[in-house]
Amino acid sequence: MDGALGAAGNDRSGYRHGKARRRRRANRGLELLGGGSILTGLVLGAIGAFVIERKFTEASAFAAAGAVLTFLRFMHGESIGVAVTPTVAVAYAIVAGFLYALVRYPEFISVEIAPPEGGDRTSG
């Protein structure tokens with residue numbers, strides 16, 4: 001993440017001099033995503049793939065696993081500890097609950113696609 005922030009012109013060198021206080025707060029989220037990036041990429045990628053395939057039970061399970069791994073600091077951190085970033089773990093838990101609610105209440109995800117107006121455009 002340091003390389004990406006540096007390429008964007010938001011490196012940490014200005015933080016020591018106190019001239020980039022607003023950027024520091026904005027980049028804190030990027031730093032949280034950068035720690036444990038291998039597991040983070042796997043979990044977020046799996047959640048995204050299962051949502052695209054409408055397999056919300058599996059996506060919910062991966063979000064719950066992300067909550068546990070984040071709470072134990074295997075994801076979104078540079079060191080292992082317990083409850084170092086609980087807000088990120090709670091965010092994963094909320095996403096897991098939302099995805100599981102989509103399974104329990106399928107009327108929220110039913111989508112009907114109307115045929116295009118003007119009839120069938122494939123016929124000559």
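Visitor: Which residue follows α4, and what is the sign of its phi?
Guide: R73 follows α4, and its phi is positive, near 70°. This is a predicted model: local features need pLDDT of at least 70, side-chain atom pairs need 80 or more, and totals for chains, interfaces and linings use all residues. Residues are numbered from 1 along each chain as its sequence is written, and side-chain values use heavy atoms, without hydrogens or water.

Visitor: What makes α4 a helix by its span?
Guide: Helices are DSSP runs (H or I, at least four residues), numbered from the N terminus. The expected span is 1.5 Å times one less than the number of residues. For the 16 residues of α4 that gives 22 Å, and its end C-alpha atoms are 22 Å apart, so the two agree.

Visitor: Which residues of α4 are buried?
Guide: Buried means under 20% relative accessible area, exposed over 50%, partly exposed in between (1.4 Å probe, protein chains only). F56, A59, S60, A63, G66, A67 and T70 are buried.

Visitor: How do you know that they line one face?
Guide: The arc uses directions from the helix axis to the C-beta atoms. The buried residues of α4 fall within 115°, so they line one face. Their cover includes α3 and α5 (contact: heavy atoms within 4.5 Å).

Visitor: Why is L42 called exposed?
Guide: L42 has 56% relative accessibility, so it counts as exposed. L42 lies in α3.

Visitor: Which helix gives the most to the nonpolar patch?
Guide: α3 does, with three residues.

Definitions and conventions: Helix = DSSP H or I, 4+ residues; strand = E, 2+ residues; numbered from the N terminus.
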